[in-house]
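Student: I am new to this structure. Please take me on a close look at its empty spaces, and then at what is packed elsewhere.

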Amino acid sequence: MLKPLHTVGAMIVALLLSFSAPAMAQGSLSDTYSGQELVENGQQFFGSAAQGLASLVERAISQFGLPNGYVLGEEAGGALIVGAKYGEGTLYTRNAGEYQLFWQGPSIGFDVGGDGSKVMMLVYNLNTVPEILGRYPGIDGSAYVLGGLGMTVTKRGNVVVVPIRSGVGARLGINVGYLNFTNQPTWNPF
């Protein structure tokens with residue numbers, strides 16, 4: 001008499017697992033983007049300013065592997081020793097979809113000027129979308145008049161964010177600061 005109940009119980013467990021497995025996979029951010037996909041999406045986004053993008057993406061991939069998300073957005077900033085940066089964009093993931101994202105942050109250093117940039121950020125080791133929210137410290141350097149393309153690396157816990165910027169403006173210097181990713185815009189850079 002126990003054998004049929006055991007079989008029915010096993011079938012119910014198997015049925016429940018078959019319904020829950022796709023739901024768990026849907027929230028997983030393990031699928032990555034290839035270098036070719038990133039370069040193509042970046043070139044469409046950056047337009048004529050995309051020269052040199054492929055080499056920066058290749059360098060990031062050789063250092064950190066393939067990202068499981070990326071952000072396309074715009075930012076503006078300025079500094080006279082003390083500075084601030086503000087940006088907004090969209091986080092793209094394979095399985096969790098798109099997510100509106102804002103960032104801001106203070107900086108201090110030997111830094112003078114202002115710039116506006118289009119930004120592509122490669123995101124590594126992101127397990128859930130909310131995991132990107134928070135402060136990412138880093139060192140940033142700029143040296144251009146009119147325009148330029150540059151890459152920095154920031155890290156918080158296991159999540160690594162590699163911003164690639166194509167800027168317009170006049171900026172010279174090096175600074176220490178952080179980017180604070182939020183799901184709401186704010187004027188407070190801290």
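Tutor: Here is a walk through the cavity, then a pocket, then the nonpolar cores. This is a predicted model, in which local features need pLDDT of at least 70 and side-chain atom pairs count only at pLDDT 80 or more, while totals for chains, interfaces and linings use all residues. Residues are numbered from 1 along each chain as its sequence is written, and side-chain values use heavy atoms, with hydrogens and water left out.

Let's start inside. The structure holds one cavity of 30 Å³ or more (on a 1 Å grid over the protein atoms alone, points where a 1.4 Å probe fits but cannot get out). The largest cavity contains about 200 Å³ of space, counted as the space filled by probe spheres set on grid points joined across faces, edges and corners. Around it are 22 lining residues (an atom within 4 Å of a point). Lys85, Asp140, Asn175, Tyr178 and Leu179 lie nearest its centre. Two or more lining residues come from each of strands S1 (69-93), S2 (97-124), S3 (134-151) and S5 (159-182), where strands are DSSP E runs of at least two residues, numbered from the N terminus. S5 gives the largest share, seven residues. By class, the lining has eight nonpolar, ten polar and four charged residues; Ala, Val, Leu, Ile, Met, Phe, Trp, Tyr, Cys and Pro count as nonpolar, Asp, Glu, Lys and Arg as charged, and the others, Gly among them, as polar.

Now to an open space. The second largest pocket (an open set with protein on both sides within 12 Å along at least five of seven lines) has a volume of about 180 Å³. Its lining includes Glu74, Tyr86, Phe102, Trp103 and Trp187. S1 supplies the most, six residues, and S2 also gives at least two. Six nonpolar, three polar and three charged residues make up this lining.

Last, the packed parts. The largest nonpolar core (buried Ala, Val, Leu, Ile, Met, Phe, Trp, Tyr and Cys joined through side-chain atoms within 4.5 Å) has 18 residues, with buried meaning under 20% relative accessible area (1.4 Å probe, protein chains only). Leu38, Met120 and Leu122 have the most contacts inside this core. Helix H2 (35-46), helix H3 (53-64), S1, S2 and S5 each supply at least two of its residues, helices being DSSP H or I runs of at least four residues. H3 gives the largest share, five residues. Apart from this core lies another, of 15 residues, among them Val71, Leu91, Met121 and Leu126.

Key: Buried means under 20% relative accessible area, exposed over 50%, partly exposed in between (1.4 Å probe, protein chains only).
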